[in-house]
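The following exercises concern salt bridges and nonpolar cores. Each task is followed by a solution in steps.

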Amino acid sequence: MAAAAVESFVARQLDLLELERDAEVEERRSWQENISLKELQSRGVCLLKLQVSSQRTGLYGRLLVTFEPRRCVSSAVLPSNSFTSGDIVGLYDAANEGSQLATGILTRITQKSVSVAFDESHDCQLSLDRESSYRLLKLANDVTYKRLKKALITLRKYHSGPASSLIEVLFGASAPSPASEIGPLTFCNASLDASQKEAVKFALSQKELAVIHGPPGTGKTTTVVEVILQVVKQGLKVLCCAPSNIAVDNLVERLAQCKQRILRLGHPARLLESIQQHSLDAVLARSDNAQIVADIRKDIDQVFVKNKKIQEKQEKSNFRSEIKLLRKELKEREEAAMLESLTSADVVLATNTGASPDGPLKLLPDGYFDVVVIDECAQALEASCWIPLLKARKCVLAGDHKQLPPTIVSHKGSWFPRRGPAHQCCCHPRSAPRGGHL
C-alpha cells in the first residue's frame, strides 16, 4: 500500500517540480533574449563592467573570485541589485555578448564587491588581468532543483533504512506505534506554560512522528528548542532544519544560549553574524587541522600565480597536475576535519536543502541521526522536507499551515488550492495523523 502511495506522490511531485523548473528557466531565458543588459542591470539581476580584484582557494579547493566595479576609485559601488548569497550566477566576458565563461555560486556581496565560488573545472579560464571586463547574471537555481529531485527519487526507491517506519506512517500504510511512557521531566526552560510542556512530552513519547502546531506567537519554536534539549539529554543525535536561513539561525541562537554542542551547516555569508562562530567554516578554522589546510590552500594559490606567468604548454600541464594533487590532499584533510566536527556536535542545523546528501552530511553513515526536527515546515515545499526526513527513524514537525506558503513561479503549478500537492507540507493532517497543539 505504501509503495503505491509513494509512487503516486513522487510522480506528481516530480511533475510539479518540473513545471516550476521550466517556468524559472523560461523566465531567465526570456530575460537574456528580450531584455538589454542595461535593463537587466536596472532590474537587479545583472552586474555589468566588473573586474577581478582577487582570488583565493576556498573549501574543497574551489576558486573564490572577488569582483568589483571597473572604476578603480574608492567611491565605486555596485548598482542596486537583488543578488544574495547562494544565488547561481553565470560569468560572461563583457567583450563577447554570448560567451559564458563559467557558472558559480555567489558567496558574498557588499556595496563594493561580489564574491563567487567556481568549480575547479572552470578556474583556468578566468583571467586576473585588471583590464578584462566581466558581467554576472543571475541564473535559475540548478542546485536546489537537483536536490529536490534527488530527494524524491530517493524516496521512491527507499526500501530499507532508518526512515522506513516513518514513511509507512506518513503515507498511511501503518498506524503510529504506541506512545512510550515518559517519566517526570526536568524542563530546561522553567518558563514553559502547561500547553508547551504537554507538547514536549507528546513529542518525546512518539516513536515515529509528532506534530507541534500553533498560531503565530504561541511559542512553537520555544517548544521545539525544549524538545531538542530533552532529546540531547537522552544522548541522541539531532538534525534540525527549517526552510529558510533566518529560521535556522533563530534555532542556532536559542540553542547556543543553552550551551549546546551545535554545528550550523551553510556558507557563513548566508548566516547571521551573531551565530557565525557556530558555522562549519568557523569550527574548521579552530580545528587542529586548520593550519595544515591553510598551508595547502596557500600552496595552491602560489601555484596559480606561477601558472599565470607560464606560457609553455608542458609547464602549464605540470602545474595543473600539481594543483590536482594538492586539491586531493586538501579534500582529504578537510573531510577528516569536517567528520570530526559533525560527530562532535549533538545538534546539526541546516536548511532543508542544506541537509542534502551531496553536502557535508554525506560523510556520516546512514542512520546516524536519531531524530529530525523541521521548524516552520508549512512554509516549505514538501519535496524539500523529504531531504532531511529520510535521515532518521523519527521526526518532529512544527509549523502553522495557515501561514504563508512557499513562493512558486509556475502558473500551472500554482492553481492548486493551499492544501493541494503544490503547496502542501508534510505537517498537513493528511500525512501527519497525530499531533500536539499549543
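**Exercise 1: A salt bridge and its surroundings**

R147 has a relative accessible area of 21% and is therefore partly exposed. The model in which this value was computed is a predicted one.

Task: Classify D358 as buried, partly exposed or exposed, and state where the two partners of the R147–D358 salt bridge lie in the chain.

Solution.
1. The limit for a buried residue is under 20% relative accessible area, and exposed requires over 50%.
2. D358 is partly exposed because its relative accessibility is 39%.
3. The side chains of R147 and D358 form a salt bridge with an N to O distance of 3.2 Å.
4. R147 belongs to helix α3 (residues 142–157), whereas D358 lies in the loop between β10 (347–351) and β11 (371–374), 211 residues apart.

**Exercise 2: A salt bridge with buried partners**

Task: Determine whether D87 is buried or exposed, and do likewise for K138.

Solution.
1. D87 and K138 form a salt bridge, their closest N and O atoms being 3.6 Å apart.
2. D87 lies in the loop between β2 (63–69) and β3 (88–93), and K138 in strand β6 (residues 134–138).
3. D87 has 14% relative accessibility and so counts as buried.
4. K138, at 11%, is buried.

**Exercise 3: A network**

Task: Which residues are joined with K237 into one network of salt bridges?

Solution.
1. K237 meets D346 in a salt bridge of 3.8 Å, N to O.
2. Both K237 and D346 are buried.
3. Through shared partners, salt bridges join K237, R261 and D346 into one network.

Notes. Residues numbered from 1 in each chain as written. Predicted model: local features only at pLDDT ≥ 70, side-chain atom pairs only at ≥ 80, totals over all residues. Heavy atoms only, no water. Salt bridge = Lys/Arg side-chain N within 4 Å of Asp/Glu carboxyl O. Helix = DSSP H or I, 4+ residues; strand = E, 2+ residues; numbered from the N terminus. Buried < 20%, exposed > 50% of the residue type's maximum accessible area, 1.4 Å probe, protein only.
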